[in-house]
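Subject: Structure handover and notes

Dear colleague,

I am passing on the structure we spoke about, together with notes on what I found when I went through it. Please look it over with the model open beside this message.

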Amino acid sequence: MENRRSPGISAEKIKLVRKKKRLNKKAKIKNNDESWSTYKKVNNLLKKKCNKARWEYLHELANDIYDNREHKLFFGITYSLGVKDQIT
């Protein structure tokens, strides 16, 4: 069976997650401002990259749906995102 990852999950992001976990452990042990600052910088960078990848994926998906006029797929995705009440 093919190994399928979520869209936007790259090797770079996986490395950042591991680095974030290491820095969090170190910051808990040392408990100084410098350690926490480093951890927060990596955490914010990871969040930005994940959010950017998510929105790029959704934008690309929306363009594909619009171009192919796949209404069933569109409503399936919007319902799964929890915007059912906002559409109707």
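Where does N31 lie? The residue sits in the loop between helix 1 and helix 2, and with a relative accessibility of 55% it counts as exposed. Its backbone deserves a look, since N31 is not a glycine and yet has a positive phi of about 50 degrees. Most residues other than glycine have a negative phi. Please keep in mind throughout that this is a predicted model, and that the values below were computed from it.

The overall layout

The protein chain contains four helices and zero strands, and when it is read along the sequence the pattern is α-α-α-α. Of the 88 residues in the protein chain, 17% are buried. Among the contacts in the protein chain with a separation of 6 or more, 37% are made by residues that stand 24 or more positions apart.

How helix 1 meets helix 2

Most of my notes concern this pair. The axes of helix 1 and helix 2 come within 9 Å and cross at roughly 155 degrees, and because angles over 145 degrees count as roughly antiparallel, helix 1 is described as roughly antiparallel to helix 2. The crossing of the two helices is left-handed. By class, the contact between helix 1 and helix 2 has eleven nonpolar, four polar and seven charged residues. On the side of helix 1 the residues taking part include L16, V17, L23 and A27, while those of helix 2 include W36, V42, L45 and L46.

Two residues of this contact may be useful to inspect one at a time. N24, which is placed in helix 1, is buried, with a relative accessible area of 17%, and leaving aside residues up to four places away in sequence, N24 touches W36 and Y39. S35, which is found in helix 2, has a relative accessibility of 11% and so counts as buried, the cut-off being under 20%. With residues up to four places away in sequence again left out, S35 touches A27 and K30.

The charged residues

How many salt bridges does the count come to? The count comes to one salt bridge, and it is formed by K49 with E12, whose closest N and O atoms are 3.0 Å apart. K49 lies in helix 2 (residues 33-68) and E12 in helix 1 (residues 11-30), so the pair ties together parts that are 37 residues apart in sequence. Neither partner falls in the buried class: K49 is partly exposed at 27% relative accessibility, and E12 is partly exposed with a relative accessible area of 45%.

Another lysine to look at is K41, which is also found in helix 2 and is exposed, with a relative accessible area of 61%. The C-alpha atoms of K41 and K20 are separated by 9.2 Å, although the two residues are 21 residues apart along the chain. K20 is itself among the residues of helix 1 that meet helix 2.

When you open the model, I would suggest starting from N31 in the loop between the two helices, and then following the contact of helix 1 with helix 2 as far as the salt bridge of K49 with E12.

With best wishes

Technical notes:
Residues are numbered from 1 along each chain as its sequence is written. This is a predicted model: local features need pLDDT of at least 70, side-chain atom pairs count only at pLDDT 80 or more; totals for chains, interfaces and linings use all residues. Side-chain values use heavy atoms; hydrogens and water are left out. A salt bridge is a side-chain nitrogen of Lys or Arg within 4 Å of a carboxyl oxygen of Asp or Glu. Buried means under 20% relative accessible area, exposed over 50%, partly exposed in between (1.4 Å probe, protein chains only). Axes are lines fitted to C-alpha atoms, for helices over the stretch in contact, and angles run from 0 to 180 degrees between N-to-C directions. Angles under 35 degrees count as roughly parallel, over 145 as roughly antiparallel, 65 to 115 as roughly perpendicular and the rest as oblique. A crossing is left-handed if the near helix is turned anticlockwise from the far one by less than a right angle, and right-handed if clockwise. Contact means heavy atoms within 4.5 Å. Ala, Val, Leu, Ile, Met, Phe, Trp, Tyr, Cys and Pro count as nonpolar, Asp, Glu, Lys and Arg as charged, and the others, Gly among them, as polar.
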